[in-house]
Amino acid sequence: MRGFYKQLNIEERRKIECWLNAKVPVREMARVLKRSKATLYRELKRNYFVAESLPKYAGYYGAAAQLKADNRRARQRKLIKHPELAIRVIERLKHGWTPEQIGNRMVHERAPMRVCQETIYRYVYPKEGMAQELWWYLPEHRKSRRPRRARKRLPAKFVCDVSILSRPVRASRNAHTRLPTKPYTLDQLHDARYG
């Protein structure tokens, strides 16, 4: 199921809660919601409420699941939560820095608030960055991001050369004959070469 993915919303989560209470199979829920059953199993695993102090209240609650999901998304959106950090990142992007350079520079400067390159890319490409046209300041000026796993592998920077150990014997002999067998002074070498 590659392609466009849409997060579960509060209505879907409430339906899941009702169906779980009615003991509807997950496969049937997935069919009605037109979602993958793996999505629903992941949702139930992530947002199932369990407290040792309140064992009889253990279960899946749609509203609580929505709050947890919103908190997870907010944690991932560091540049939206901290506008002063976003201003610094955008300023450096506009000066021609790449997201890799910005992230590594923040680590080098030991900045108290820092972001990695992936966070910057995730800020540039959704609607917040698209409204500001931040993609234009990236090195390749791509309006949409290539999928991470679809990127081409780069060829090796150094072609495997022949090792010196596998040199032909003739080349090794020639190298030895060129070297003087006894110590010479520079004058003697010059005289021997030019007569």
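Helix α7, which spans residues 99–108, has P99, I102, G103 and M106 as its buried residues, where buried means under 20% relative accessible area, exposed means over 50%, and partly exposed lies in between (1.4 Å probe, protein chains only). These buried residues cover an arc of only 95° around the axis, which puts them on the same side of α7; the arc is that of the directions from the helix axis to the C-beta atoms. On the other side of α7, N104 and H108 are exposed. Helices are DSSP runs of H or I with at least four residues, strands are runs of E with at least two, and both are numbered from the N terminus.

This is a predicted model, in which local features need pLDDT of at least 70 and side-chain atom pairs count only at pLDDT 80 or more, while totals for chains, interfaces and linings use all residues. Residues are numbered from 1 along each chain as its sequence is written, and side-chain values use heavy atoms, with hydrogens and water left out.

Helix α1 (residues 10–21) can be read in a similar way. Its buried residues are E12, R13, I16 and E17, and, seen down the axis of α1, they fall within an arc of 145°, so they line one face of the helix. C18 and N21 are exposed on the other side of α1. The N-terminal end of α1 is capped by N9, a side-chain oxygen of which lies 3.3 Å from the backbone nitrogen of E11; a polar contact is a pair of N or O atoms within 3.5 Å, where within protein one must be able to donate a hydrogen and the other to accept it, and residues adjacent in sequence count only if both atoms are side-chain atoms.

Just after α1, K23 takes a positive phi of about 60°. Most residues other than glycine have a negative phi. K23 lies in the loop between α1 and α2 (26–33), and K23 is exposed, with a relative accessible area of 71%. E133 likewise has a positive phi, of about 55°, although E133 is not a glycine. E133 is found in the loop between α9 (127–131) and α10 (169–178), where E133 is partly exposed, with a relative accessible area of 47%.

The last stop is a surface feature. F49, L54, Y57 and Y61 make a nonpolar surface patch of about 360 Å²; patches are made of residues with over 30% relative accessible area and no salt bridge, with like charges joined within 9 Å and nonpolar side chains (Val, Leu, Ile, Met, Phe, Trp, Tyr) within 5 Å. A salt bridge is a side-chain nitrogen of Lys or Arg within 4 Å of a carboxyl oxygen of Asp or Glu, and accessible areas come from the Shrake-Rupley method with a 1.4 Å probe, where for residues only the protein chains shown count as cover. Y57 is in the loop between β1 (48–49) and β2 (59–60), and Y57 is partly exposed, with a relative accessible area of 43%.
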